[in-house]
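Welcome! Take a moment to look at the sequence and the 3D view, then follow along as we explore some strands together.

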Amino acid sequence: MTMGSAAPQDEIKGDMTPMIDVVFQLMIFFMCTIKFKTLEGKLTAYLPKDVGVNTTPPTAPLEKVDIVVKVLKEGTKLQPLRDDPWDPAVGGPYRYGPDRVLQFQVGSMVTPSAEELYARLKQLHTAQPERAATIDPKFKPFSTTYADLVLALNASVLAGFTDITLKGSSE
Amino acid sequence: MRLAKDKSDAPPEMDMTPMIDVVFQLIIFFMLITDMTQKELEELYLPKAKVAAADKPNPLEIRPIINVLADGTVWVKRELYYDPAKDDKFNRLKEYLARMAKQMPKKPIFPGSPLLVPDNPLLIRADQSTPAKYIQKVMELCGGAGIQIWKVELAAGTETPELPDAGQGGKS
């Protein structure tokens with residue numbers, strides 16, 4: 001019996017089509033789902049440790065600088081990134097326009113300006129650098145927003161305060 | 001003159017190797033730059049702050065991230081934890097914060113005190129128009145028994161060139 005001799009060796013070529021299909025699918029998936037890392041910042045603050053269930057500290061601290069934030073006029077609601085008016089029928093995020101009026105109070109000083117708030121806080125911090133600050137957002141006559149809170153916190157940090165407490169009691 | 005005739009009847013084949021190489025390179029690129037940690041961050045319009053420190057989270061640190069939208073809904077890791085329309089007294093959020101607080105390293109509340117409190121911060125991210133009462137509520141929960149997280153970080157954008165005037169809407 002004669003054994004069949006091997007046929008001439010051809011180069012074996014795999015069908016690449018399914019692999020290319022899968023690879024393209026993967027690429028489209030990644031391109032669609034990709035979200036580039038956004039750079040965010042943070043402002044550090046503290047919640048009161050010396051109230052509620054906790055014990056009082058061993059030494060009485062200096063009196064804190066109390067920053068009261070109020071909204072006197074709510075302002076027009078605008079689109080977040082444009083100056084077009086916000087449509088409540090459409091909904092979604094919004095921001096307040098330039099007609100929004102805030103009021104900051106530190107002791108006897110009352111001002112609508114974050115610049116003046118910063119200047120006053122700077123004075124107080126320079127006089128007693130170890131003093132802490134407290135931010136107290138109010139809800140009347142209009143509700144303060146997260147942006148108002150961040151604005152007051154920003155001015156405090158800029159003035160040099162490092163120990164900033166947020167009042168944690170909603171009215 | 002006689003032109004040379006192509007003897008092969010087989011259709012011409014393209015060499016796919018360079019294309020596959022490029023496509024694999026692209027896939028590797030996308031896989032590397034896709035940051036899976038971003039899944040905890042809801043899309044929000046953050047207020048901007050001049051002095052906000054760049055947020056470079058330590059992947060080994062336990063730091064809960066709470067997202068509060070303008071409508072008061074609270075989201076954690078893309079899951080709804082509180083909806084003002086279906087007020088559940090913040091039970092789910094309380095449980096989550098208590099669970100996170102339990103996992104955090106503890107430190108004495110004051111030097112020498114036997115009372116220990118969690119030492120890691122909580123990151124609060126909220127839309128610029130989110131009413132502060134929702135932020136306050138989250139803070140109240142932080143001070144509750146069994147949680148007692150006292151360090152908070154407020155997320156903010158970092159591109160404000162000047163301190164904005166409150167009379168100018170407090171926005172930048």
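Which residues point one way from S7(B), and which point the other way?

## Two faces of one strand

Keep in mind that this is a predicted model. Pro121(B), Leu123(B) and Arg125(B) point one way from S7(B), while Leu122(B), Ile124(B) and Ala126(B) point the other way. This fits a general pattern: in a regular strand, side chains alternate between the two faces of the sheet.

Whichever way they point, these residues are all buried. Strand S7 of chain B spans residues 121-126, and with 6 of its 6 residues buried, the strand is mostly covered.

## Neighbours of S7 in chain B

Now let's see what pairs with this strand. Strand S2 of chain B (residues 65-68) runs parallel to S7(B), and 4 bridges join them. Here Ile65(B) has Leu123(B) as its bridge partner in S7(B).

S7(B) also runs parallel to strand S8 of chain B (residues 151-156), again with 4 bridges. Leu123(B) appears here too, with Glu153(B) as its bridge partner in S8(B). To get from S7(B) to S8(B), the chain passes through helix H3 of chain B (residues 132-142), making a right-handed β-α-β crossover.

## A look at chain A

How do strands S2 and S7 of chain A run, parallel or antiparallel? They run parallel, with 5 bridges joining S2(A) (residues 65-73) to S7(A) (residues 133-137). In this pairing, Val69(A) stands opposite Pro137(A).

S2(A) also pairs with strand S5 of chain A (residues 101-106), this time in the antiparallel sense, over 6 bridges. Find Ile67(A) in your view: its bridge partner in S5(A) is Val106(A).

Terms used. Residues are numbered from 1 along each chain as its sequence is written. Chains are lettered from A and ligands numbered from 1 in the order in which they are written. This is a predicted model: local features need pLDDT of at least 70, side-chain atom pairs count only at pLDDT 80 or more; totals for chains, interfaces and linings use all residues. Side-chain values use heavy atoms; hydrogens and water are left out. Buried means under 20% relative accessible area, exposed over 50%, partly exposed in between (1.4 Å probe, protein chains only). Two strands pair if DSSP finds at least two bridges between them. A crossover is right-handed if, with the strands pointing away from the viewer, the path from the first strand over the helix to the second runs clockwise.
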